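Grab a coffee and work through a few exercises on the chain shown here. Try each task yourself before you peek at the solution.

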Amino acid sequence: MPSPYRAIFGPPGTKSFSAAGLLGRMPLSMLGIGVVTMISQLTGRYGLAGALSATLALSAALLGPQISRLVDRHGQRRVLRPATLVSVTAVAGLLLSAQQRWADWTLFVFAACAGCVPSVGSMVRARWAALYRGSPRELHTAYSWESIVDECCFIFGPILSIGLCTTWFPESGPLLAAVFLVAGVFWLTAQRATEPAPHPRVAHTAGSALRSPGLRVLVVTFVATGAIFGSVDVVTVAFAEADGHKGAASLVLAVYALGSCLAGAVFGLLHLKGHASRRWVVGVCVMALSMVPLQLAGTLPLLGVALFVAGLSVAPTMVTTMALVEEHVPREKLTEGMTWTSTGLAVGVALGSSAAGSVVDAMGAQRGYLVPCAAGLLGAVVALLGYRRLRPAAPKAAPSGVVQQGGPAGNAEESDGERVS
């Protein structure tokens with residue numbers, strides 16, 4: 001392991017909570033695709049499968065920030081364990097109702113309740129933020145590491161979920177995802193020494209973390225980013241099927257995640273100067289441009305190369321986003337703020353996959369890549385228009401005859417403007 005990564009794991013407990021986070025995040029890439037595969041295996045109804053997956057994603061997008069807000073107030077252990085039990089109970093109900101061929105409405109009820117799943121990635125990043133607050137280089141490396149973990153989940157999770165559903169029994173993929181969730185969350189919350197201190201209601205400012213203009217820019221841009229991911233997944237499956245090798249779709253998508261994983265690993269070794277907002281805008285624009293070559297890929301190997309290159313901009317942009325969230329959201333709402341970005345991604349994935357499916361049906365698989373192109377363009381426009389809300393605030397001029405002291409007090413944007421340099 002390179003020395004910057006070795007250094008962040010020096011404090012006690014860091015390896016354990018990061019490993020627990022990996023386990024608890026596997027359902028993020030396994031549950032939705034597992035439900036789609038299970039329903040299509042049991043009923044052959046892809047429309048129902050897609051609708052259930054969208055219900056699950058939108059429910060998680062709605063409930064996730066509320067769970068994280070409770071975590072900020074009451075602590076991870078007190079909130080995550082009950083929320084996880086509710087979620088896995090709903091997943092069990094979904095599997096049973098599918099296996100027993102109960103009425104369709106029962107499937108949707110259980111899928112909606114299963115959205116109570118906690119945002120484990122936000123919980124782990126909040127622990128890193130509490131540990132390395134005031135140490136920008138270590139925190140940058142820690143966020144890069146967690147981005148690598150995310151991509152590992154997306155490389156292996158879908159392959160594992162689809163493989164189990166198709167070779168063992170249809171319910172096995174979502175079932176294993178639920179087991180991973182319980183094991184990861186209970187292991188994580190058993191580690192009290194690294195758990196961030198809760199902030200009681202009296203310490204909270206009024207309203208949601210979304211009151212921050214900077215966070216709103218990040219979330220809206222992440223809706224477009226999620227639409228890129230969701231549409232690329234759907235169109236790539238359709239492209240592979242049209243090419244006569246549908247099973248290769250998971251490998252091609254794994255190459256996309258691999259590009260992001262490698263870029264995240266290198267990005268964590270760098271100590272970049274300048275404010276994070278500039279890097280973020282560049283990353284979003286590069287991500288949009290990387291969708292253009294997908295229109296020209298006429299074969300699966302060429303598509304794999306194009307997706308690998310496209311993946312190189314993903315992890316660095318995600319890492320920079322988390323640094324900006326920490327800068328623009330009050331400390332007592334950090335977990336909620338990080339979860340709102342995940343919510344934006346989830347909403348975008350649902351919208352992008354739906355739009356891509358419609359375009360593929362109407363115009364064919366190759367034209368389906370127009371959807372991630374359009375989503376990337378939208379994200380770049382929002383990022384450019386919202387850039388001024390992400391820049392650090394200009395320092396206020398000191399009154400005549402008064403010498404300003406070096407340390408800012410209480411202004412998150414002023415204090416954090418130096419943190420990523």
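**Exercise 1: A charged pair out of sight**

Glu146 and Arg25 are both buried. Keep in mind that this is a predicted model. Your task: work out how Glu146 and Arg25 are linked, and which parts of the chain the pair brings together.

Solution.
- Start with the side chains: Glu146 and Arg25 form a salt bridge, with 2.4 Å between the closest N and O atoms.
- Now place the partners. Glu146 sits in helix α7 and Arg25 in helix α2 (residues 14-43), so the bridge links distant parts of the chain, 121 residues apart.
- Check Arg25 against the cut-off: buried means under 20% relative accessible area, and Arg25 counts as buried because its relative accessibility is 3%.

**Exercise 2: Another partner for the arginine**

Find out what Asp150 does with Arg25, and decide whether Asp150 is buried or exposed.

Solution.
- The side chains of Asp150 and Arg25 meet in a salt bridge, 2.8 Å from N to O.
- Asp150 belongs to helix α7 and Arg25 to helix α2, so this pair ties together parts 125 residues apart in sequence.
- With a relative accessible area of 16%, Asp150 is buried.

**Exercise 3: From pairs to a network**

How many salt bridges does the whole structure hold, and which residues do shared partners join into one network?

Solution.
- A search of the whole structure turns up four salt bridges.
- One of them is between the side chains of Glu195 and Arg192, at 3.1 Å from N to O.
- Glu195 counts as buried because its relative accessibility is 15%, while Arg192, at 48%, counts as partly exposed.
- Salt bridges with shared partners join Arg25, Arg125, Glu146 and Asp150 into one network.

**Exercise 4: Three helix residues and their contacts**

For Ser68, Thr320 and Phe154, give the helix, the burial and the contacts beyond four places in sequence.

Solution.
- Ser68 lies in helix α3 (residues 46-74). Its relative accessibility is 0%, so Ser68 counts as buried. Beyond its sequence neighbours, Ser68 touches Met123, Thr335, Glu336 and Thr339.
- Thr320 is part of helix α13 (residues 314-328) and is buried, at a relative accessible area of 4%. Its contacts are Phe267, Ala276, Arg279 and Trp280, leaving aside neighbours within four places. Take Ala276: its C-alpha atom is 6.2 Å from that of Thr320, though 44 residues separate the two along the chain.
- Phe154 is in helix α7 (residues 136-167). Here the relative accessible area is 38%, so Phe154 is partly exposed. Phe154 touches Leu28, Ser29 and Ala257, not counting residues up to four places away. The C-alpha atoms of Phe154 and Tyr256 are 9.4 Å apart, with their positions 102 residues apart along the chain.

**Exercise 5: Charge on the surface**

Which residues gather in a patch of positive charge, and where is Arg211 found?

Solution.
- The patch on the surface gathers Arg211, Arg216, Arg388, Arg389 and Arg391.
- Arg211 is in the loop between α8 (172-189) and α9 (213-242).
- Arg211 counts as exposed because its relative accessibility is 59%.

**Exercise 6: Step back**

Describe the whole chain by secondary structure, burial, contacts and surface.

Solution.
- The chain has 16 helices and zero strands.
- Of its 421 residues, 52% are buried.
- Take contacts between residues at least 6 apart in sequence: 83% of them join residues at least 24 apart.
- The accessible surface is about 17900 Å², and 67% of that belongs to carbon and sulfur atoms.

How values were computed: Residues are numbered from 1 along each chain as its sequence is written. This is a predicted model: local features need pLDDT of at least 70, side-chain atom pairs count only at pLDDT 80 or more; totals for chains, interfaces and linings use all residues. Side-chain values use heavy atoms; hydrogens and water are left out. Patches are made of residues with over 30% relative accessible area and no salt bridge: like charges are joined within 9 Å, nonpolar side chains (Val, Leu, Ile, Met, Phe, Trp, Tyr) within 5 Å. Accessible areas come from the Shrake-Rupley method with a 1.4 Å probe; for residues, only the protein chains shown count as cover. Lys and Arg count as positive and Asp and Glu as negative; His and the chain ends are not counted. The place of a charge is taken as NZ of Lys, CZ of Arg, CG of Asp or CD of Glu. Helices (H or I, at least four residues) and strands (E, at least two) are DSSP runs, numbered from the N terminus. Buried means under 20% relative accessible area, exposed over 50%, partly exposed in between (1.4 Å probe, protein chains only). Contact means heavy atoms within 4.5 Å.
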